[in-house]
Amino acid sequence: MERTSTRAYDTLVESLVARGVDVDRAEERLRSQRVETPSWGYGNSGTRFKVFPQPGVPRDPFEKLADASQVHSLTGICPSIAVHIPWDKVDDYGELREYTDSLGMKIGAVNPNLFQEEEYRLGSVCSPDEGVRRKATDHLLECVEVAGEVGSDILSLWFADGTNYPGQDSFVERRHRMLDCLSEAYAAMPQDMRMLLEYKFYEPAFYHTDLSDWGTALTMCQKLGERADVLVDLGHHAQGVNVEHIVALLLDEGRLGGFHFNGRKYGDDDLIVGSINPFELFLIYVELVEAEESTRIDYMIDQAHNIEPKIEAMILSVTNLQEAYAKALLVDRPTLDEARRSGDVLRAHRNLLDAYATDVWPLCARVREDLGASADPISDFRSSGYMERVTEERKEGTQAGWS
Ligand code: LRH
Ligand code: MN
């Protein structure tokens with residue numbers, strides 16, 4: 001039976017209704033799902049070993065936006081793109097905003113880059129050198145300006161800052177330096193702007209990282225103010241860490257600001273979200289389904305498509321996120337709560353397994369169609385001829401990448 005067929009959809013809805021699922025409510029929430037794609041996910045990327053250029057890769061932020069609008073038109077839920085400065089620096093941000101508007105898109109999170117300049121060898125906002133901290137803070141202030149010009153209300157911060165050897169620097173002094181710099185940037189943000197702090201347990205620093213885990217990020221946000229929240233990048237945890245528990249905790253603290261979704265098997269692999277551990281992604285959404293109705297959370301993808309076709313990878317990432325959310329919306333909460341209250345361990349566990357085992361593709365396909373997008377986005381993208389066209393158009397010039 002064709003998975004996108006009406007019959008597949010009707011059969012699924014029949015079984016869901018029999019399970020007491022409010023299908024209309026689930027579809028309504030799926031139609032309002034929003035995922036932001038990263039400009040750098042459309043450009044060349046790689047590892048320290050090799051960056052493999054690909055035909056048709058964008059050469060500038062305008063072409064990255066064009067590719068992002070393809071993903072939005074085919075999935076229906078990605079109207080915004082995150083930018084990284086200076087990778088997406090342009091002479092006229094007003095022109096970039098107009099072009100974005102013309103595509104029916106919006107520029108989302110603005111990401112400063114404080115990890116690619118010589119001066120940042122010993123850190124940026126945590127550097128022992130006051131001049132270097134000044135330079136770093138000025139870049140943050142520049143990005144607050146850029147956000148204003150492109151119509152963004154999110155400043156999304158990740159710091160490579162850390163040390164490589166025991167004794168190299170004072171953990172506490174570095175933390176105080178970071179707070180000083182971030183306080184200046186926080187004060188410069190207009191009232192409607194939010195700051196997201198992204199932690200990472202290691203790399204490129206190999207002894208300690210200043211924002212290494214949810215605790216270091218949360219306590220820094222609490223010192224800065226209520227418009228500073230924690231960003232969870234799925235690839236930024238040590239092996240074995242229970243990420244859905246961290247998500248639940250940050251939600252309970254009311255300080256979960258957003259996600260960088262991706263997949264990983266070992267380190268910060270930045271693979272397609274849901275490609276390695278789809279069950280973990282489902283469990284994260286199980287924690288979100290209840291809380292997100294009362295909290296603003298920015299769902300963003302942060303991936304590096306080193307060997308796979310980039311636009312297709314982004315489309316698959318978005319459909320994986322739609323499926324994880326759809327499965328989480330099918331959890332029979334009253335029965336789960338009852339099983340938990342009565343200590344029925346396996347009844348509670350099997351309750352989640354039942355939702356996870358449901359093939360929700362027909363539901364997601366219908367929701368995409370209802371949004372004017374595609375039931376089967378990857379097949380439609382492949383048959384659209386878009387890649388062939390842009391590969392031809394973008395033959396000249398320099399492809400965009402991380403440098
Ligand atoms: C750091 C990170 C951060 C980005 C970069 C592209 O590993 O996750 O979010 O700035 O990747
Ligand atoms: Mn990230």
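In this predicted model, lysine 89 is found in the loop that runs between strand S2 (80-85) and helix H4 (93-102). Its relative accessible area is 47%. Lysine 89 therefore counts as partly exposed, since that term covers residues between the limits of 20% and 50%. If the neighbours within four places in sequence are left aside, lysine 89 is in contact with Pro61 and Glu142. Valine 146 is separated from lysine 89 by 57 residues in sequence, yet the two C-alpha atoms are 9.2 Å apart in space.

The loop between S2 and H4 also holds proline 86. The peptide bond that leads from isoleucine 85 to proline 86 is cis, and its omega is near 20 degrees. As background, most peptide bonds are trans, and most residues other than glycine have a negative phi.

A second cis peptide bond can be examined at glutamate 203 and proline 204, where omega is about 5 degrees. Proline 204 belongs to the loop between S6 and strand S7 (208-209), and glutamate 203 is placed in the loop between S6 and S7 as well. The backbone of glutamate 203 has another feature to note: phi is positive, at about 75 degrees, although the residue is not a glycine. With a relative accessible area of 34%, glutamate 203 is partly exposed.

Aspartate 270 likewise has a positive phi without being a glycine, in this case of about 55 degrees. This residue lies in the loop between strand S9 (256-261) and helix H9 (278-291). Is aspartate 270 buried or exposed? Its relative accessible area is 8%, so aspartate 270 is buried; the limit for this term is under 20%.

The account now turns to the metal site. Which residues of the protein serve as donors to the manganese ion (ligand 2)? They are Glu198 through OE, Asp233 through OD, His260 through ND1 and Asp302 through OD, at 2.1 to 2.2 Å from the ion. The site of the manganese ion (ligand 2) has six donor atoms, and the angles among them run from 72 to 170 degrees. This arrangement is octahedral. Along the chain, the donors of the manganese ion (ligand 2) follow the spacing E-x34-D-x26-H-x41-D. Distant parts of the chain are linked by one pair of these donors: glutamate 198 is in strand S6 (residues 194-198) and aspartate 233 in strand S8 (residues 228-233), 35 residues apart. Both glutamate 198 and aspartate 233 are buried.

Two helix pairs complete the picture. Helix H3 (residues 61-75) packs against helix H10 (residues 310-329) at an angle of about 40 degrees, and their axes are 10 Å apart. The crossing of H3 past H10 is right-handed. On the side of H3, the contact is made by Asp67, Val71, Leu74 and Thr75, and on the side of H10 by Ile311, Met314, Ile315, Val318 and Gln322. Sorted by class, six residues of the contact of H3 with H10 are nonpolar, two are polar and one is charged.

In the other pair, helix H1 (residues 6-18) and helix H13 (residues 361-370) have axes that come within 8 Å and cross at roughly 115 degrees. Here H1 passes H13 in a left-handed crossing. Thr6, Ala8, Tyr9 and Leu12 are the residues of H1 that meet Pro362, Leu363 and Arg366 of H13. The contact of H1 with H13 comprises five nonpolar residues, one polar and one charged.

How values were computed
Residues numbered from 1 in each chain as written. Chains lettered and ligands numbered in written order. Predicted model: local features only at pLDDT ≥ 70, side-chain atom pairs only at ≥ 80, totals over all residues. Heavy atoms only, no water. Axes fitted to C-alpha atoms, helices over the stretch in contact; angles between N-to-C directions. Helix = DSSP H or I, 4+ residues; strand = E, 2+ residues; numbered from the N terminus. Left-handed = near helix turned anticlockwise from the far one by under 90°. Contact = heavy atoms within 4.5 Å. Nonpolar A, V, L, I, M, F, W, Y, C, P; charged D, E, K, R; others polar. Donors = N, O, S within 2.8 Å, 3.2 Å for Na, K, Ca; no water. Tetrahedral: all angles 85-135°; square planar, octahedral: opposite > 155°, others 65-115°. Buried < 20%, exposed > 50% of the residue type's maximum accessible area, 1.4 Å probe, protein only.
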